[in-house]
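Visitor: I have a new structure open and no idea where to begin. Can you walk me through it?

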Amino acid sequence: MPSSQNARSRARERSSVLSRPEFMSLNQPLRSAAGSGPPEGRGGGARRSGQTKHPTSQPSEEAADTGSRDRREPGKMPEEDCMQLNPSFKGIAMNSLLAIDICLSKRMGVCANTSSSWGGCRSIVSLLALTGHGITWIIGTIVCLTRSNTLAGQEVLVNLLLALILDIMTVAGVQRLVKRRGPWEMTPGLLDCIAMDVYSFPAAHASRAAMVSKFLLSHLVLAVPLRILLVLWAFLVGVSRVLLGRHHLTDMACGFALGMLHFSLMETVWLSSSTCQTLISISTLSWSPFF
């Protein structure tokens with residue numbers, strides 16, 4: 001009998017415990033995932049398991065998106081961000097020569113400014129460079145042409161004038177195509193803008209000096225000392241532009257080569273004396289073949 005009473009008392013206590021407010025949620029049914037409040041007990045355990053699964057699935061989705069984006073955009077990488085792991089020997093040699101050229105040209109620009117190491121000689125070097133300017137030679141050739149009285153002299157001077165015009169136009173065209181700046185980034189002067197000698201490559205003064213010296217050596221009878229001085233003048237004119245910081249060494253070398261090419265071209269298309277006289281007559285407005 002006492003055991004049955006104890007069992008009844010335990011059942012009442014159990015029923016009374018479940019009826020307490022803090023345990024009321026245990027008697028309620030599980031709410032769906034769309035419910036407003038978070039379930040407790042076993043429902044809370046299900047939510048916690050779902051929460052533990054969500055962070056693990058999110059990085060995997062991000063990794064998948066990143067991998068697909070990397071697969072889609074391999075060709076959109078800019079060239080400056082790409083590193084060439086196996087450069088060619090030609091590229092290495094060209095970059096090395098270009099670096100050496102720039103370094104030596106900057107070191108040789110001792111007259112680039114008045115504050116340079118040879119700044120006191122800047123005016124003398126500038127005067128030497130002026131002797132190889134295109135405007136100087138064109139004006140001098142026209143003056144000599146107006147004072148010449150011989151047909152042979154006029155023939156040589158007319159061809160020299162055409163060679164100077166050819167040199168200026170060719171060098172200006174190449175400079176416009178290459179657009180290489182000098183080693184010291186100087187603003188070109190007024191005479192340089194008139195002669196279209198704005199950029200660095202090739203050196204116009206070097207091209208003109210080489211062409212003029214070769215032209216005079218071929219068509220004038222000069223003594224040996226004068227021939228040596230003429231060759232030395234052409235070389236110093238090209239070097240003077242490097243000393244002034246206007247050109248690189250490679251610009252000067254290519255200018256010399258281009259001047260020799262201009263001389264060879266003029267020798268190929270050399271104008272005869274009669275053609276030169278016709279051009280002189282047209283230029284002086286005294287040509288009257290129809291009268």
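Visitor: Let's start with H247. Where is it in the chain?
Guide: H247 sits in the loop between α10 and α11. Keep in mind that this is a predicted model.

Visitor: Is H247 buried or exposed?
Guide: Buried. Its relative accessibility is 1%, and the cut-off for buried is under 20%.

Visitor: What does the side chain of H247 reach?
Guide: The backbone oxygen of S200, at 2.7 Å.

Visitor: And which residues is H247 in contact with, leaving aside its neighbours within four places in sequence?
Guide: S105, P183, D197, Y199, S200, P202, A203, A204, R241 and V242.

Visitor: P202 is on that list. Where is P202 found?
Guide: In the loop between α8 and α9. The peptide bond leading from F201 to P202 is cis, and its omega is near -10 degrees.

Visitor: R241 and D197 are there too. How far apart are their closest N and O atoms?
Guide: They are 3.7 Å apart, and the two residues form a salt bridge. R241 belongs to helix α10, residues 224-243, while D197 is in the loop between α8 and α9, so the pair ties together parts 44 residues apart in sequence. Both R241 and D197 are buried.

Visitor: Why would such side chains pair up at all?
Guide: Side chains of opposite charge can pair when their charged atoms come close.

Visitor: How many salt bridges does the structure hold?
Guide: It holds 4. One of them joins the side chains of D101 and R180, at 3.0 Å from N to O.

Visitor: Which parts does the D101 and R180 pair tie together?
Guide: D101 is in helix α4, residues 89-108. R180 is in the loop between α7 and α8. The two parts are 79 residues apart in sequence, so this pair ties distant positions together.

Visitor: Are D101 and R180 buried or exposed?
Guide: D101 counts as buried at 6% relative accessibility. R180 counts as buried too, at 18%. The cut-off is under 20%.

Visitor: What else does R180 form a salt bridge with?
Guide: D251, with the closest N and O atoms 2.9 Å apart. That pair links the loop between α7 and α8 to helix α11, 71 residues away. D251 is buried, like R180.

Visitor: Which residues do the shared partners join into one network?
Guide: D101, R180 and D251.

Visitor: Anything to note beside R180? What about K179?
Guide: K179 lies in the loop between α7 and α8. Its phi is near 55 degrees, a positive value in a residue other than glycine.

Visitor: Back to α10. How many residues does α10 have?
Guide: It has 20. From first C-alpha to last, α10 reaches 28 Å, close to the 28 Å expected at 1.5 Å a residue.

Visitor: Which residues of α10 are buried?
Guide: L230, W233, A234, V237, G238, V239, S240, R241, V242 and L243.

Visitor: What covers them?
Guide: The cover includes α4, α5, α6, α8, α9 and α11.

Visitor: And what follows α10?
Guide: G245 follows, with a positive phi near 80 degrees.

Visitor: New topic: the largest nonpolar core. Which residues touch the most other members?
Guide: L164, M211, V212, F215 and W233, out of 19 residues in that core. Helices α7, α9, α10 and α11 each supply at least two residues of this core.

Visitor: Pick F215. What is F215 in contact with, beyond its neighbours within four places?
Guide: V156, N159, L160, F263 and W270.

Visitor: Which residues are in the other core?
Guide: That core has 11 residues and lies apart from the largest one. Among them are C111, L243, L244 and M252.

Visitor: Now the whole chain. How many helices and strands does the chain have?
Guide: It has 12 helices and 0 strands.

Visitor: How much of the chain counts as buried?
Guide: Of its 291 residues, 28%. The accessible surface comes to about 19,300 Å², and 64% of that belongs to carbon and sulfur atoms.

Visitor: What share of contacts comes from residues 24 or more positions apart?
Guide: They account for 72% of the chain's contacts with a separation of 6 or more.

Technical notes. Residues are numbered from 1 along each chain as its sequence is written. This is a predicted model: local features need pLDDT of at least 70, side-chain atom pairs count only at pLDDT 80 or more; totals for chains, interfaces and linings use all residues. Side-chain values use heavy atoms; hydrogens and water are left out. Helices (H or I, at least four residues) and strands (E, at least two) are DSSP runs, numbered from the N terminus. Buried means under 20% relative accessible area, exposed over 50%, partly exposed in between (1.4 Å probe, protein chains only). The expected span of a helix is 1.5 Å times one less than its number of residues. Contact means heavy atoms within 4.5 Å. A polar contact is a pair of N or O atoms within 3.5 Å; within protein, one must be able to donate a hydrogen and the other to accept it, and residues adjacent in sequence count only if both atoms are side-chain atoms. Accessible areas come from the Shrake-Rupley method with a 1.4 Å probe; for residues, only the protein chains shown count as cover. A nonpolar core is a set of buried Ala, Val, Leu, Ile, Met, Phe, Trp, Tyr and Cys residues joined through side-chain atoms within 4.5 Å.
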